[in-house]
Amino acid sequence: MHGISLISAPEDWEILQQENGSAEVKLKGTYRVHPAAVNVGVAQAVPLVRVMRESDNMTVIPWTVADKIQEGENFTGSFETGLKIPAGGLYRIETSLETRSTVPNLTWLYRGDCVLHLGVGDLFIIAGQSNSAGYGRDFCEDSPHMCVHLFRNRGKWDLASHPMNESTFGGSLPNEEMGTPGVSPYLTFGRTYYELTGMPVGLVQTSMGGSPMSRWMPEKGDLYRNMLDRIQLTGGKYAGVLWYQGCSDTEPEPAAKYLDHFRAYAESLRRELGYEIPIFTMQLNRQINGINDECWGMVRDAQRRAALEIPNVYVLSTTNLGLCDGIHNNAPSSVALGKKLAKQCVHVLAGGEEYESPSLSTVQRVTEEEKEELKLAGIWLKLGFDHVKNCLQIASGLGRDSGFTLEDSRGEVEIISIRANREDRNYAYLEIAREVGREAFLSFAWQADPVKIPVIDEVTFLPPLSFYRYPVLREEH
């Protein structure tokens with residue numbers, strides 16, 4: 001073919017990870033002058049490249065001569081060139097062969113291959129199990145967006161759409177689903193992230209329904225190796241990992257080791273990549289009629305502690321999301337979670353407004369002086385929370401509806417009531433039926449199927465992070 005033929009270039013629909021507001025692109029190709037021009041007479045042939053914005057056809061990088069040109073016989077040859085493309089898009093890379101005739105003032109711009117629908121923005125790897133793969137199978141509005149793209153399991157970039165973990169032409173992949181996946185949080189995530197930052201979003205799906213932590217461990221985990229393969233296939237540089245997993249580890253042995261296993265996953269991934277990639281996690285939602293309440297509490301608490309103890313790990317609560325069956329988030333809840341996750345990522349990665357789940361920081365007995373000031377009678381505990389925007393909103397003041405449980409060496413302590421107010425925005429107060437012993441432990445939203453309408457932040461609508469057996473009167477460091 002005459003003109004320019006690209007032999008190495010980004011794919012159509014690809015999203016390139018921006019660094020400091022731009023991305024470097026390398027192009028390689030060959031060129032050949034049209035025989036008709038040779039017959040007329042050719043003085044010179046030079047490969048050119050430019051970048052155009054697809055939305056309005058404006059020039060972003062004007063026609064530029066290739067950096068390295070190797071001339072062959074009869075006005076054929078090869079070339080290499082580099083481009084520094086600013087964050088944004090979608091863009092079109094065009095190539096052309098500028099051919100000057102031996103006839104004075106006669107020049108042709110011959111055709112060249114193009115790269116279409118290219119974005120420079122932020123890439124995210126999606127990892128975890130079913131709620132990450134997307135199992136919401138009911139109705140919701142969640143349409144594709146031109147600036148949210150997906151590296152499909154078939155190994156090609158495309159416009160992102162549900163179901164995102166489908167495996168058409170994918171071959172035998174470790175994350176191939178046995179059934180038909182549905183709506184996940186991440187299409188809405190990408191759209192919201194783009195709307196808040198102007199950055200096109202690239203998503204790479206590696207999750208698999210039902211996958212335990214053992215399949216994500218660096219030593220023998222097939223899903224871990226598959227994730228690394230996908231990262232390398234798509235450039236190796238990412239803005240973050242979107243991790244949602246844990247239901248398959250709610251048995252006594254894996255639950256007890258969940259924090260250690262997650263830490264090993266995070267540290268190994270960062271060693272492999274050579275940088276401290278941010279990891280955005282979500283606590284487990286719920287399982288209707290689920291068993292092993294204690295194990296669900298242990299995993300959720302490990303997810304909370306991971307964000308406290310492991311650098312650059314972040315966590316969101318999910319216990320106010322609805323289900324479409326016994327354990328999977330429904331489609332509207334996936335959309336809601338995608339918006340929340342995008343806000344947190346914008347806060348962390350792009351300096352946006354803080355968006356964090358309230359997190360318990362202290363549990364203390366209310367003193368007699370405080371009770372007098374607050375006009376309280378009885379025995380009360382004062383719970384301090386970080387990341388409260390305005391105040392905590394309580395649906396029911398009854399202790400049995402609060403989602404909190406308290407125990408000491410004598411057994412469970414009845415919680416009579418709960419209250420909060422705007423004047424004390426970082427605190428909630430629990431009225432309890434009796435004094436607790438020297439060792440007492442408070443838990444919140446820890447069971448397999450915890451409180452249906454939890455306490456939420458009045459502004460962000462996020463419930464506090466679930467926690468399990470938090471020691472009363474002792475601060476966590």
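**View 1. Asn57 is partly exposed, with a relative accessibility of 45%.** Let's start with this one residue of a predicted model. Because 45% lies between the cut-offs of under 20% for buried and over 50% for exposed, Asn57 falls into the partly exposed class. Its place in the fold is easy to find: Asn57 sits in the loop that links strand 4 (42-53) with strand 5 (59-65).

**View 2. The side chains of Asn57 and Arg92 meet in a polar contact of 2.6 Å.** Along the sequence, Asn57 and Arg92 are 35 residues apart, yet their C-alpha atoms are 8.9 Å apart in space. Once neighbours within four places in sequence are set aside, the contacts of Asn57 are with Arg92 and Met52.

**View 3. Stepping back, the protein chain around Asn57 holds 9 helices and 26 strands.** Its C-alpha atoms fill a box of roughly 100 × 45 × 40 Å along the principal axes. The protein chain has 477 residues, and 55% of them count as buried. Among contacts with a separation of 6 or more, 73% join residues 24 or more positions apart.

**View 4. Here is the surface of the protein chain, with about 20,600 Å² exposed.** Carbon and sulfur atoms supply 48% of that exposed area. As for charge, the protein chain carries 46 positive and 62 negative charges, and the mean positions of these two sets are 2 Å apart.

Definitions and conventions
Residues numbered from 1 in each chain as written. Predicted model: local features only at pLDDT ≥ 70, side-chain atom pairs only at ≥ 80, totals over all residues. Heavy atoms only, no water. Helix = DSSP H or I, 4+ residues; strand = E, 2+ residues; numbered from the N terminus. Buried < 20%, exposed > 50% of the residue type's maximum accessible area, 1.4 Å probe, protein only. Contact = heavy atoms within 4.5 Å. Areas by Shrake-Rupley, 256 points an atom, 1.4 Å probe, with all protein chains shown as cover. Lys, Arg positive; Asp, Glu negative; His and termini not counted. Charge placed at Lys NZ, Arg CZ, Asp CG, Glu CD. Polar contact = N/O pair within 3.5 Å; in protein donor to acceptor, adjacent residues only side chain to side chain.
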